[in-house]
Amino acid sequence: MVVFCFCTAALRTRKMTLAHCSLARRQRIVLLVTAMGQGAIATRRVSVSGQSAGGSMAIQHLVAFSASVDGAAIVGGSPYGCGWESRRFNKCAYGGVNIKEVDEYLWQRFAWGQIDDPKNLTDTPVVLFSGSNDWVVYLAVMRETARQLRHFIRPERLEVVFNTSAGHVWSIDHGSCWCGKCGLGGSTECCDVNNCGYDLSGDLLRRTYGAALRPRARARRRLYWVNQWGYLNEVLRRRSDSSTAEIHTAVLQSAETQPRYSRDAAEIHTAV
């Protein structure tokens, strides 16, 4: 089983909160999220992915928790440690990251016991995606991300897909949002996904969990909101622009099919 959890800190004017759910549903969602956050669910397989700031988050998680991450997809993100660089906004968005410096930062954090051993990354499947029409996080930044990860991951385990005209989006293989639409970003559907003839999600999941995946299912559009304030420290609370996070319906579906959460849970994929 793969549980998809989609979280965002962006504000919305129209929300579906947990108050709109039944008491049983609210309890199950909160129980699952709390158990995941506290490590009460001992998953066998874990993968993570993200786009834009979520892509940068995904590589941070991949490196920091390399001992427990089995796969990752990074889309329109930046190298690990990019935020540590001087002039980080320009470098993390447009390029010019000093890979030698961020690698030294990575090894320093490992020496201090703050992240897992980077040697764990050697056989971890990772997919990198960026397009030539991404004018939010330039393709050059993702090329630098690839350069960094090649220092830690075997070439056959690192899939680099930089040959499309995609904008600052996630790639899918269906729909009317043509590849390259909305390169400057925006709030429409085509600024979230482009049909570039490439099933990015499927590629990552097959590389991580094997070829025997279940057929696709139609996704539901409803999102449930969970108060994340209790999971943030004081510094993060001051920086956060929202106290809520979106939880994709798939979490609820899994909760309904598993009313009691086993400590021997199955695969979990987190997309941000």
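Helices here are DSSP runs of at least four residues, numbered from the N terminus. By that count, glutamate 104 and lysine 100 both fall in helix 4 (residues 99-111), four residues apart, which places them about one helical turn from each other. The model is predicted, and its protein chain averages a pLDDT of 77, with 65% of the residues scoring at least 70. A search of the whole structure finds seven salt bridges and four disulfides. The points below take up confidence, salt bridges, helix 2 and the disulfides.

**Confidence**

- Across residues 1-34 the pLDDT is below 50, and this stretch has 79 contacts in the model beyond near neighbours in sequence.
- The pLDDT is also below 50 over residues 246-265, a stretch with 53 contacts in the model beyond near neighbours in sequence.

**Salt bridges**

- Side chains of opposite charge can pair when their charged atoms come close.
- Within helix 4, the side chains of glutamate 104 and lysine 100 form a salt bridge with an N to O distance of 2.6 Å.
- Of that pair, lysine 100 is exposed at 56% relative accessibility, whereas glutamate 104 is partly exposed at 44%.
- Arginine 154 and glutamate 156 make a salt bridge in which the closest N and O atoms are 1.8 Å apart.
- Glutamate 156 has a relative accessible area of 51%; because the cut-off for exposed is over 50%, glutamate 156 counts as exposed.
- Arginine 154, with a relative accessible area of 32%, is partly exposed.
- Arg154 and Glu156 also belong to a network of salt bridges that takes in Asp123.
- A salt bridge at 3.2 Å, N to O, joins the side chains of arginine 207 and glutamate 159.
- This pair connects distant parts of the chain, since arginine 207 sits in helix 6 (residues 200-209) and glutamate 159 in strand 5 (residues 158-164), 48 residues apart.
- Both ends of the link are partly exposed: arginine 207 has a relative accessible area of 31%, and glutamate 159 has a relative accessibility of 27%.

**Helix 2**

- Helix 2 (residues 53-64) has twelve residues, which at 1.5 Å a residue should span 16 Å; the end C-alpha atoms are 16 Å apart, in agreement with that value.
- The expected span takes 1.5 Å times one less than the number of residues.
- Buried positions in helix 2 are Gly54, Gly55, Ser56, Ala58, Ile59, Leu62, Val63 and Ala64.
- The cover over these buried residues includes three strands and two helices, namely strand 2 (46-51), strand 3 (71-75), strand 4 (126-131), helix 4 and helix 5 (139-149).

**Disulfides**

- Counting bonded cysteines along the chain, the disulfides follow the pattern 1-2, 3-6, 4-8, 5-7.
- Cysteine 82 is bonded to cysteine 92, with 1.9 Å between their sulfur atoms.
- The link of cysteine 82 and cysteine 92 is left-handed, with -125° about the S-S bond.
- Cysteine 82 is in the loop between strand 3 and helix 3 (88-94) and cysteine 92 is in helix 3, so this disulfide ties together parts ten residues apart in sequence.
- Cysteine 82 is buried at a relative accessible area of 1%, and cysteine 92 is buried at 17%.
- The sulfur atoms of cysteine 177 and cysteine 190 are 2.1 Å apart in a second disulfide.
- Cysteine 177 and cysteine 190 have a torsion of about -75° about the S-S bond, so their disulfide is left-handed.
- Both cysteine 177 and cysteine 190 lie in the loop between strand 6 (170-172) and strand 7 (193-195), so the pair ties together parts that are 13 residues apart in sequence.
- Cysteine 177 and cysteine 190 are both buried.
- Another disulfide joins cysteine 182 to cysteine 191, with sulfur atoms 1.7 Å apart.
- The torsion about the S-S bond of cysteine 182 and cysteine 191 is about 90°, so this disulfide is right-handed.
- Cysteine 182 has a relative accessibility of 18%, which counts as buried because the cut-off is under 20%.
- Its partner, cysteine 191, is buried with a relative accessible area of 9%.

Key. Residues are numbered from 1 along each chain as its sequence is written. This is a predicted model: local features need pLDDT of at least 70, side-chain atom pairs count only at pLDDT 80 or more; totals for chains, interfaces and linings use all residues. Side-chain values use heavy atoms; hydrogens and water are left out. A salt bridge is a side-chain nitrogen of Lys or Arg within 4 Å of a carboxyl oxygen of Asp or Glu. Buried means under 20% relative accessible area, exposed over 50%, partly exposed in between (1.4 Å probe, protein chains only). Contact means heavy atoms within 4.5 Å. A disulfide is a pair of cysteine sulfur atoms within 2.5 Å. pLDDT is the predictor's confidence in each residue, from 0 to 100.
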